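Grab a pencil and open the viewer. Below are some short exercises, each with a worked solution.

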Amino acid sequence: MQHSKSLDGYNGIYTFSNGISCIISAPLKYVPVLGKAVRNLGPAVVFDAEWLSQSLDGKHANIIGPAFQGYIEDDSLLQTSSSSVIEYKIEHHRTLLEELRDSCSAIEWQHSSIDEEKSPILLQILHGKVVAAGSWIKGESGFLSVGIITHPAYRGKGHAKTIVNALTQRGLTSGATVHYQTLESNTPSVAIAQSFGYKRLGRTIAIRLSM
């Protein structure tokens, strides 16, 4: 299928599988080629980054995935909110958030989905420093998609889990379904989602194509 509005302009393939079926989204010029390649093939065959890129003569620049896609509608496994988590509101918070951004790589910051012009942004502050932050973006489906980032010096200490818990609580309280995405290779991140009751919706692979 041709890319939807949310992927408009993305020169790449995006594929989703729930184990039963597989959806492949691509720029219009690649749809006929991929349609012919996948005809009469099952989802287990086509949900493969190398196979998909070979279907387009092997051209790809970057592969992201497989990625875990989960969702939650029930707050029964969430924990009591931590008093160390606050909402980004004042100018001092901007300075602290900039310090966190400067400590991380550009790609890590991009994947966090944090936009200082959009709310809410939740911060966990420890000893006067933002050790973790998170926000969400609203997808076409209406799901709130959680994004988080942790200061490199404070990773593996549960700070990301605290932020995910707080964001999930806020999202569910608003009546939304909350979505969580992370690379399957990032097993600690998948474990965080599952510990709060996020259920696997499916898996995705994104393939950025060379020009």
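**Exercise 1.** Does Asn40 count as buried or exposed?

*Solution.* Start with what you're looking at: this is a predicted model, where local features need pLDDT of at least 70 and side-chain atom pairs count only at pLDDT 80 or more, while totals for chains, interfaces and linings use all residues. Residues are numbered from 1 along each chain as its sequence is written, and side-chain values use heavy atoms, with hydrogens and water left out.

Next, the cut-offs: buried means under 20% relative accessible area, exposed over 50%, and partly exposed in between (1.4 Å probe, protein chains only). Asn40 has 78% relative accessibility, so it counts as exposed.

**Exercise 2.** Place Asn40 and Ser113 in the fold and check their phi values.

*Solution.* First, the naming: helices (H or I, at least four residues) and strands (E, at least two) are DSSP runs, numbered from the N terminus. Asn40 sits in the loop between α1 (31-38) and α2 (43-46), and its phi is near 70°. Ser113 is in the loop between α5 and β5, with phi near 65°. Both values are positive, in residues other than glycine. Why flag that? Most residues other than glycine have a negative phi, and most peptide bonds are trans. As for accessibility, Ser113 is at 26%, so it counts as partly exposed.

**Exercise 3.** Find the cis peptide bonds that lead into Pro66 and Pro120.

*Solution.* Go to Gly65 first: its bond to Pro66 is cis, with omega near 5°. Pro66 lies in strand β3. Then try Ser119, which a cis bond joins to Pro120 at an omega of about 0°. Pro120 is in the loop between α5 and β5.

**Exercise 4.** Trace the sheet from edge to edge.

*Solution.* Two strands pair if DSSP finds at least two bridges between them. Following the pairs gives an open sheet of 9 strands with mixed pairing, in the order β2-β1-β9-β3-β8-β7-β6-β5-β4. The edge strands, β2 (22-25) and β4 (85-87), each pair on one side only. Now zoom in on β7 and β8: they pair in the parallel sense over 3 bridges. There, Ser145 stands opposite His179 in β8.

**Exercise 5.** Which residues of α4 are buried, and how are they arranged around the helix?

*Solution.* Check the length first. The 13 residues of α4 should span 18 Å at 1.5 Å a residue (the expected span is 1.5 Å times one less than the number of residues); the end C-alpha atoms are 19 Å apart, which agrees. Next, pick out the buried residues: His93, Leu96, Leu97 and Leu100. Down the axis they fall within an arc of 100°, so they line one face of α4; the arc is that of the directions from the helix axis to the C-beta atoms. The face turned away from that buried side carries exposed Glu91 and Asp102.

**Exercise 6.** Which residues touch the most other members of the largest nonpolar core?

*Solution.* Such a core is a set of buried Ala, Val, Leu, Ile, Met, Phe, Trp, Tyr and Cys residues joined through side-chain atoms within 4.5 Å. The largest has 23 residues, and Tyr180 and Tyr198 touch the most other members. By element, α6 gives the most, with 6 residues. Finally, list contacts (heavy atoms within 4.5 Å): those of Tyr180 include Phe68, Val146, Ile148, Val164, Ile192 and Tyr198, leaving aside residues up to four places away in sequence.
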